[in-house]
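Reader: I have a new model on my screen and would love a friendly tour. Could you walk me through it?

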Amino acid sequence: MTKKNQTLGEFIIENQDSFQYSSGELSKLINAIRLAAKVVNHEVNKAGLVDILGDAGDTNIQGEEQKKLDVFANEKFISTLKNREIVCGIASEEEDSFITINSSDNQHQNKYVVLIDPLDGSSNVDVNVSVGTIFSIYRRVTPVGTPVTLEDFLQPGNKQVAAGYVVYGTSTMLVYTTGDGVNGFTLNPALGTFYLSHPNMQFPETGKIYSVNEGNYVHFHQGVKDYIKYCQEEEGDRPYTSRYIGSLVSDFHRNMIKGGIYMYPKSSVTESGKLRLLYECNPMAFIAEQANGIAIGGKTRIMDIEPTELHQRVPFFCGSRKMVEKLQEFLDKYH
């Protein structure tokens, strides 16, 4: 039975038995992410006081300008995971290719790979709006004792063994799942400790919030347009409230607590969608489904999509079950 004054470390130890594999390595891996998140949180919170805001002068593999804090977060998570010698490979949204890791004494014996979006929504830092980190963990599929290959990272989301996010906001929270429900931990900055604050998180069956960048409405496909109009109709419990922060972690987190739907559809401008399957959609879909929500890419369950490339983009819709099901009805009319 969970106790709300539990620390994250205590919770991991107490719940190791619920994890289907030998859990010592995974526990160490979650702890490494926790440590890196605390360091990044410290930098995010002091970002306005030092010269760490603004562009770093480079672009990432997505063609997006990297912010200085993006670069810092990327380096911090990678170095922390490397130093703990607990993963055999890392893929980051900020890196062109995956990183193979081998400590000097274990000859590629580690079993897990991590895929990470180090600082989701980083353009919001300059205006003091919440940002986050998203992570996804898989067991490798290539033989232990050999270097990881692309195959280890191009796994469908239904093969994830853990996923989570950190939201750096008015309070900093780490939310994660290992396939046995979703739990949220809030950082006590005075002690530097995460405490269980949101046990067994669940999406309400329905909600009154829809989250989409309506500035792109003209470019959306007709099914999405029709659903947005449905959300705006004055009928029954509608119109719904439009809330869009522009940081996936923040929008998702709010909707999971209050009830709502998040949408980033494909459009006539971004025909493949904009969000990344491996770094954003799969981990958030895993969390959503473990919290009684739904995540789809159109007709397809997000976690059933077979990845074809490391930085693949897909349409993404997720949130409260009844809201996503209603959206599906509108999408089906045009397919």
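Author: Happy to, and please keep in mind that this is a predicted model. At 6% relative accessibility, under the 20% cut-off, Asp 120 counts as buried.

Reader: Which backbone nitrogen does the side chain of Asp 120 reach?

Author: Let's start from where the residue sits: Asp 120 is found in strand β5, residues 112–120. Leaving aside neighbours within four places in sequence, its contacts include Val 131, Ile 134, Val 249 and Glu 280. At 3.0 Å, the side chain of Asp 120 meets the backbone nitrogen of Leu 248.

Reader: Are α6 and α7 roughly parallel or roughly antiparallel to each other?

Author: The axes of α6 (residues 248–258) and α7 (residues 277–290) come within 12 Å and cross at roughly 15 degrees. On the α6 side the contact is made by Leu 248, Val 249, Phe 252 and Met 256, and on the α7 side by Glu 280, Met 284, Ile 287 and Ala 288. Angles under 35 degrees count as roughly parallel, so α6 and α7 are roughly parallel.

Reader: Is Asn 213 buried, partly exposed or exposed?

Author: Like Asp 120, Asn 213 is among the positions where the unreviewed UniProt entry places the feature "binding site". Asn 213 lies in the loop between β11 and α5, and it touches Phe 220 and Tyr 244, not counting residues up to four places away in sequence. Its relative accessibility is 28%, and since buried means under 20% and exposed over 50%, Asn 213 counts as partly exposed.

Notes. Residues are numbered from 1 along each chain as its sequence is written. This is a predicted model: local features need pLDDT of at least 70, side-chain atom pairs count only at pLDDT 80 or more; totals for chains, interfaces and linings use all residues. Side-chain values use heavy atoms; hydrogens and water are left out. UniProt positions are given in the numbering used here, feature names are shortened, and annotations may be inferred rather than shown by experiment. Helices (H or I, at least four residues) and strands (E, at least two) are DSSP runs, numbered from the N terminus. Buried means under 20% relative accessible area, exposed over 50%, partly exposed in between (1.4 Å probe, protein chains only). Contact means heavy atoms within 4.5 Å. A polar contact is a pair of N or O atoms within 3.5 Å; within protein, one must be able to donate a hydrogen and the other to accept it, and residues adjacent in sequence count only if both atoms are side-chain atoms. Axes are lines fitted to C-alpha atoms, for helices over the stretch in contact, and angles run from 0 to 180 degrees between N-to-C directions. Angles under 35 degrees count as roughly parallel, over 145 as roughly antiparallel, 65 to 115 as roughly perpendicular and the rest as oblique.
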